[in-house]
Amino acid sequence: MSRIDKPRTQHQNTDKSRLLEQLDEDIQELNQLKQKIKQLEEEKQLKEQQLEQLDTTSAQVPSVMFNTTYREYRQYDLAYNRVKEFYKEQHRYQTVAYNIQARINFKTKVRDKMTIWDALLKLNHLLDESDPDTELSQIEHAFQTAEAIRKDNKPRWFQLVGLIHDLGKLLYFYESKGQWDVVGDTFPVGCRYSTKIIHHEFFKDNPDYKNPLYNTKYGIYSPHCGLENVMLSWGHDEYMYHLAKEQSRLPPQALAMIRYHSFYPWHQEGAYKYLMNKKDEEMLKAVKEFNPYDLYSKTDVKCNLEEVKDYYIELIDEFFPKKVIDF
Ligand SMILES: [Fe+2]
Ligand SMILES: [Fe+2]
């Protein structure tokens, strides 16, 4: 019997689900806002340059122009405080030793056996049984992302990535130690932490921070060794990537989208270029193409599951021919 089926109390799962869901939404919101602020700052700079070129009377106009920027900053601040505590834990506990152990656990155990479709329903049930007020359920996010990709006539494997990219969150109900090894931005372990990682200051509490094996620029890696050879902090992305790599026919770009979708320091901030090889350049393009669908596909229009079910079951079967998957 897997841990997920053990007779846990409803109450236990309820609290757990609510915590993860809430935090995950905050992290997503924060990543959205970070990107938006970056964009707004560029626009603001441009506007300021334009204003400098205008005469003094028109130069008095600008205050309203920056209202949006201020609002965005306020929202960012609120989400920022909620998420800060999370990153304090994540940066402290994501050590090389923990990551090796997590991979051993992954390879030596089967936590569940079910179809991808049933796994989607299970995740949805586990995370939402408790929280009817959740803005967007897991399954809604999965289908909205997939449907947005489908609407843009992207390849079938790309649509499937939309559907399953967050399925690894099931990990939270199997053997995770907390939220810090399921969600949040990811980063390489075993080499120096980039200052581009959100709240990098918290890494000083991580024992690896002072370990000379792990705290140099390359640490246990070599220049341009390729991200395939780099251990990324363990969470839903890594878990789902390894699972899909072993049990699906998804192409490398699809696997990269799954594996790196929370690797914001890399795909948005340009960190760790010195670990990339030629293949990673291609993968980066793919991950960047996926990111807007993950962040901005939320709509209030509910997806009719019965209407799309046949389409997606066929899509899943095309790339997961084994049907019943080892989770
Ligand atoms: Fe995710
Ligand atoms: Fe997502």
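Q: Why does His199 count as partly exposed?
A: His199 has 17 C-beta neighbours inside 10 Å, and a residue is called buried if 20 or more other C-beta atoms lie within 10 Å of its own, exposed if 12 or fewer, and partly exposed in between, with C-beta atoms placed from the backbone. His199 therefore counts as partly exposed. This is a predicted model, in which local features need pLDDT of at least 70 and side-chain atom pairs count only at pLDDT 80 or more, while totals for chains, interfaces and linings use all residues. Residues are numbered from 1 along each chain as its sequence is written, and chains are lettered from A and ligands numbered from 1 in the order in which they are written.

Q: What makes the backbone of His199 and of Tyr272 worth a second look?
A: Most residues other than glycine have a negative phi. His199, which is not a glycine, has a positive phi of about 50°, and Tyr272, also not a glycine, has a positive phi of about 60°. His199 is placed in the loop between helix 7 (171-174) and helix 8, and Tyr272 in the loop between helix 10 and helix 11, where helices (H or I, at least four residues) and strands (E, at least two) are DSSP runs numbered from the N terminus.

Q: How do you know whether Tyr272 is buried or exposed?
A: Tyr272 has 21 C-beta neighbours inside 10 Å, so it counts as buried.

Q: Why is helix 8 called roughly antiparallel to helix 9?
A: The axes of helix 8 (residues 236-247) and helix 9 (residues 252-260) come within 7 Å and cross at roughly 155°; such axes are lines fitted to C-alpha atoms, for helices over the stretch in contact, with angles running from 0 to 180 degrees between N-to-C directions. Because angles over 145 degrees count as roughly antiparallel (under 35 as roughly parallel, 65 to 115 as roughly perpendicular and the rest as oblique), helix 8 is roughly antiparallel to helix 9.

Q: Which residues make the contact of helix 8 with helix 9, and what is their character?
A: From helix 8, Asp237, Glu238, Met240, Tyr241, Ala244 and Lys245 meet Leu255, Ile258 and Arg259 of helix 9, two residues being in contact if their C-beta atoms, placed from the backbone, lie within 7 Å. These residues divide into five nonpolar, no polar and four charged, where Ala, Val, Leu, Ile, Met, Phe, Trp, Tyr, Cys and Pro count as nonpolar, Asp, Glu, Lys and Arg as charged, and the others, Gly among them, as polar.

Q: What makes Met240 and Ile258 stand out in the largest nonpolar core?
A: Together with Val161 and Met257, they touch the most other members of this core of 68 residues, a core being a set of buried Ala, Val, Leu, Ile, Met, Phe, Trp, Tyr and Cys residues joined through C-beta atoms within 7 Å. Helix 9 contributes the largest share of the core, six residues.

Q: Why are His261 and Asp294 called buried?
A: His261 is buried because 23 other C-beta atoms lie within 10 Å, and Asp294 is buried because 23 other C-beta atoms lie within 10 Å. His261 is found in the loop between helix 9 and helix 10 (264-267), whereas Asp294 lies in helix 11 (residues 278-296). Not counting residues up to four places away in sequence, Asp294 touches Thr145, His165 and His261.

Q: How do you know which residues are listed under "binding site"?
A: An unreviewed UniProt entry lists His141, His165, Asp166, His236, His261 and Asp294; the positions follow the numbering used here, feature names are shortened, and annotations may be inferred rather than shown by experiment.
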